[in-house]
Amino acid sequence: MPLSHGYCRPGLASLPLINGLSHPMGVIEPYHPENAVQLAQRVKAVTSSGGIVGLPTETFYGLAVDPFNARAVEALLDAKGRGEGKPILVLIGSLTQLSLLTEESSPIARLLMSAFWPGPLTILFPARRELPHNVTANTGTVGVRLSCCRPLIDILITTGPLTGTSANRSGEPPAAAAQDVMRSFGATVRLIVDAGGTAGGKPSTVIDPREPVRLVREGAISRQMIENVLETQGISLRYS
């Protein structure tokens, strides 16, 4: 499966290696393919201990914690100033990691995964019972995305699934650069992986593949693109 689509920003993996930037309230660490393994291990050390990390995605920067650690998720919600009640999407680095989050994958979900993953499409799946309620917001589902951002994939392959909620406080615009994350959160985010400016634009599209298939949020992948894929199987799409 290719790691790039027309809606994915190329070139992040070729950023120059520079010295890590220490901040009195946290650390910004630059990404480069040559340091990807070591950087991924640092990210895993932070998230395994319940800490929050800032990570690049193909749209904006996101805030990453261990999705199976309810206290870490609570700290994440507190940092964003967002109460419980909305699900938190989870990022994976490979299709094999999907089984850690769900036991079910419908034919429609697999059709959408084949067409749009890796890429900015978040698909809702029945959540494993091990996932805490503040990730699923008691919906019984979890939103999952396989990103096409090379630096992010390199990290997730080592860490396993991590949350990917946007790196901004509630009501503020999403962060498109590592420095934006630092300005918003300071020491609350212990480590920020700097892969340069992200593409920005629209956030990921969110879809519920349970019939009738429902478009929860239109984003980087348009309604028309999804309809074109579903129509090949005679499936219609409706809005939330």
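**Figure 1. Pro118 sits in the loop between H3 and E6.** This close-up comes from a predicted model. The peptide bond from Trp117 to Pro118 is cis. Its omega is near -5°. A second view belongs beside this one. Pro212 is found in the loop between E11 and E12. A cis peptide bond joins Glu211 and Pro212, with omega about -5°. Why point these bonds out? Because most peptide bonds are trans.

**Figure 2. Trp117 and Phe125 form an aromatic pair.** Trp117 is also the residue that leads into Pro118 through the cis bond. How are the two rings placed? A pair of aromatic rings is described by the distance of the centres and the angle of the planes. For Trp117 and Phe125 the centres are 6.3 Å apart. The angle between the planes is 55°. The pair counts as tilted, because only planes over 60 degrees apart count as edge-to-face and those under 30 as stacked. Trp117 is buried, and Phe125 is buried too. The count for the model comes to one aromatic pair.

**Figure 3. Seven strands make an open sheet.** Read the order across the sheet as E8-E5-E7-E6-E11-E12-E13. The pairing is mixed. Which strands lie at the edges? They are E8 (162-163) and E13 (238-239), and each pairs on one side only. Helix H3 (residues 107-116) packs on this sheet. H3 touches strand E6 (121-126) and strand E11 (205-208). The direction of H3 makes about 155° with that of E6. Now look at the E8 edge. Strand E5 (residues 90-92) and E8 run antiparallel, joined by two bridges. Leu91 has Leu162 in E8 as its bridge partner.

**Figure 4. Two neighbours, Ala137 and Asn138, share a loop and a positive phi.** Both residues are found in the loop between H4 and E7. Helix H4 covers residues 133-136. The phi of Ala137 is about 55°. For Asn138 phi is about 60°. Neither Ala137 nor Asn138 is a glycine. Why mark these angles? Because most residues other than glycine have a negative phi. Are Ala137 and Asn138 buried or exposed? Ala137 has 17% relative accessibility, so Ala137 counts as buried. Asn138 has a relative accessible area of 60%, so Asn138 is exposed.

**Figure 5. Strand E10 (residues 191-194) sends its side chains two ways.** Leu191 and Val193 point one way. Ile192 and Asp194 point the other way. All four of these residues are buried. The general rule helps here: in a regular strand the side chains alternate between the two faces of the sheet. Which strand pairs with E10? Strand E3 (residues 53-56) pairs with E10 in the parallel sense, over two bridges. Val53 has Leu191 in E10 as its bridge partner.

**Figure 6. Thr47 lies in helix H1 (residues 36-48).** Is Thr47 buried or exposed? Its relative accessible area is 4%, so Thr47 is buried. Which residues does Thr47 touch, leaving out those up to four places away in sequence? They are Val53, Ala64, Val65, Asp66 and Leu162. Two of these names appear in earlier views. Val53 is the bridge partner of Leu191, and Leu162 is the bridge partner of Leu91. Thr47 and Leu191 are 144 residues apart along the chain. Their C-alpha atoms are separated by 9.7 Å.

**Figure 7. The largest pocket holds about 790 Å³ of space.** It is lined by 33 residues. Which of them are closest to its centre? They are Arg82, Pro87, Leu89, Thr165 and Arg217. Several strands give two or more residues to the lining. These are E4 (61-64), E6, E7 (141-146), E9 (165-166) and E12 (214-217). E7 gives the most, with four residues.

**Figure 8. The whole chain puts the close-ups in context.** The protein chain has seven helices and 13 strands. Of its 240 residues, 52% are buried. Now take the contacts with a separation of 6 or more. Residues 24 or more positions apart account for 66% of these contacts.

Definitions and conventions. Residues are numbered from 1 along each chain as its sequence is written. This is a predicted model: local features need pLDDT of at least 70, side-chain atom pairs count only at pLDDT 80 or more; totals for chains, interfaces and linings use all residues. Side-chain values use heavy atoms; hydrogens and water are left out. Two strands pair if DSSP finds at least two bridges between them. Contact means heavy atoms within 4.5 Å. Axes are lines fitted to C-alpha atoms, for helices over the stretch in contact, and angles run from 0 to 180 degrees between N-to-C directions. Rings of Phe, Tyr and Trp (its six-membered ring) pair if their centres lie within 6.5 Å; planes under 30 degrees apart count as stacked, over 60 as edge-to-face and the rest as tilted. Buried means under 20% relative accessible area, exposed over 50%, partly exposed in between (1.4 Å probe, protein chains only). On a 1 Å grid over the protein atoms alone, a cavity is a set of points where a 1.4 Å probe fits but cannot get out, and a pocket is an open set with protein on both sides within 12 Å along at least five of seven lines; lining residues have an atom within 4 Å of a point. Grid points are joined across faces, edges and corners, and a volume is the space filled by probe spheres set on the points.
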